[in-house]
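Welcome! Please take a look at the sequence and the structure below, and then we will walk through the ligand and its surroundings together.

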Amino acid sequence: MSTARRLAVVTGGNRGIGLEICRQLAERDYHVVLTARDPDRADEQARSLDATCPGEVSGLGLDVVDAESVVSAFRHVRTHHGRIDVFVNNAGIAVDGPEHRPSAPDFTRVRRTLETNLLGAWRCCAEVVPEMRARGYGRIVNLSSTMASLDLTGSASSPAYRISKTGLNMLTRTLAAELEGTGVLVNAASPGYTRTDMSPDAERPVEVGADTPVWLATLPDTGPTGQFFFDRQPLAW
Ligand SMILES: NC(=O)c1ccc[n+]([C@@H]2O[C@H](COP(=O)([O-])OP(=O)(O)OC[C@H]3O[C@@H](n4cnc5c(N)ncnc54)[C@H](OP(=O)(O)O)[C@@H]3O)[C@@H](O)[C@H]2O)c1
């Protein structure tokens with residue numbers, strides 16, 4: 001297949017870790033489709049990266065919870081770019097908070113979290129897989145969290161967020177198993193506790209939080225699949 005400039009789609013690219021993933025991919029000469037719920041914000045951030053990075057950056061509206069928005073965004077990408085080499089499932093919300101307990105669930109927040117972090121990501125994967133499988137090349141990166149780890153969790157806090165990301169990890173494993181041997185590599189990454197609107201008190205800069213997702217997005221054909229990484233090292237499920 002042609003190795004002309006690779007095309008990467010990133011969700012939630014308007015701020016935080018997603019914006020930094022877009023920047024690092026554009027630095028590596030990728031053509032990045034920076035998507036965001038607000039299409040004007042997507043365009044604005046894309047223009048600013050496009051002006052400063054060697055790659056190309058285009059903006060596009062995409063709300064992962066809205067099935068029509070997802071279908072139409074990926075149709076737009078296929079029509080205008082003809083390929084999807086990399087897909088980064090970055091969009092995410094954390095709305096249940098440390099006081100939320102699994103024994104007293106607020107199912108409004110639980111549903112909202114699952115709709116975005118798990119079903120939104122899954123819906124987008126279903127859009128990109130046929131194209132990647134047909135072309136025999138693809139890198140799918142799911143932004144998970146150390147809080148998703150069954151092995152490492154001893155806390156009762158934020159159950160909706162944790163469960164959504166553990167589900168995303170299982171999506172990673174099952175999709176990777178389905179796509180074994182097709183050239184499509186599917187992995188999950190924890191960016192670590194990173195300073196963004198989601199975690200304003202964190203010390204880790206977005207440049208570091210985005211490093212492992214970008215590493216997974218740019219893996220060689222011999223790279224791992226169906227794995228979970230933090231700082232480029234395997235993380236316990
Ligand atoms: N920061 C951390 O410490 C940390 C740790 C572990 C994992 N993560 C994960 O890393 C990813 C990025 O987090 P972040 O820290 O950069 O968070 P953030 O600053 O809050 O950014 C979240 C991004 O997701 C977007 N988003 C939310 N709902 C969406 C939807 N329905 N459709 C499309 N986009 C949507 C937001 O768009 P709007 O601007 O429109 O709201 C925003 O661009 C998330 O998946 C998060 O769970 C973060």
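## The ligand and its pocket

The shell around the ligand is made up of 11 nonpolar, 12 polar and 5 charged residues. Keep in mind as you explore that this is a predicted model.

Which residues come nearest to the ligand? Among the 28 residues around the ligand, these are Asn14, Arg37, Asn90, Tyr161 and Thr196.

Some contacts with oxygen atoms of the ligand are set out here.

| Residue | Protein atom | Distance to an oxygen atom of the ligand |
|---|---|---|
| Arginine 37 | polar side-chain atom | 2.7 Å |
| Tyrosine 161 | polar side-chain atom | 2.6 Å |
| Threonine 194 | backbone N or O atom | 2.8 Å |

So arginine 37 and tyrosine 161 each reach the ligand through a polar side-chain atom, while threonine 194 uses a backbone N or O atom. How much of the ligand does the protein bury? On its own, the ligand exposes 900 Å², and the protein buries 93% of that area.

Two helices give two or more residues each to the shell around the ligand: H1, spanning 16-27, and H5, spanning 159-178.

Now for the space itself. The ligand takes up the largest pocket, which has a volume of about 1000 Å³. This pocket is lined by 41 residues, and the closest to its centre are Gly92, Ile93, Ala94, Thr196 and Met198. You have met Thr196 already, as one of the residues that come nearest to the ligand.

The lining divides into 16 nonpolar, 17 polar and 8 charged residues. Helices H1, H4 (107-135) and H5 each supply at least two residues of this lining. Which helix gives the most? That is H1, with 3 residues.

Definitions and conventions
Residues numbered from 1 in each chain as written. Predicted model: local features only at pLDDT ≥ 70, side-chain atom pairs only at ≥ 80, totals over all residues. Heavy atoms only, no water. Near = heavy atom within 4 Å. Polar contact = N/O pair within 3.5 Å; in protein donor to acceptor, adjacent residues only side chain to side chain. Areas by Shrake-Rupley, 256 points an atom, 1.4 Å probe, with all protein chains shown as cover. 1 Å grid on protein atoms, 1.4 Å probe; cavity = no way out; pocket = protein on both sides within 12 Å on 5 of 7 lines; lining within 4 Å. Sits in = over half its atoms within 2 Å of the grid points. Helix = DSSP H or I, 4+ residues; strand = E, 2+ residues; numbered from the N terminus. Nonpolar A, V, L, I, M, F, W, Y, C, P; charged D, E, K, R; others polar. Points joined across faces, edges and corners; volume = space filled by probe spheres on them.
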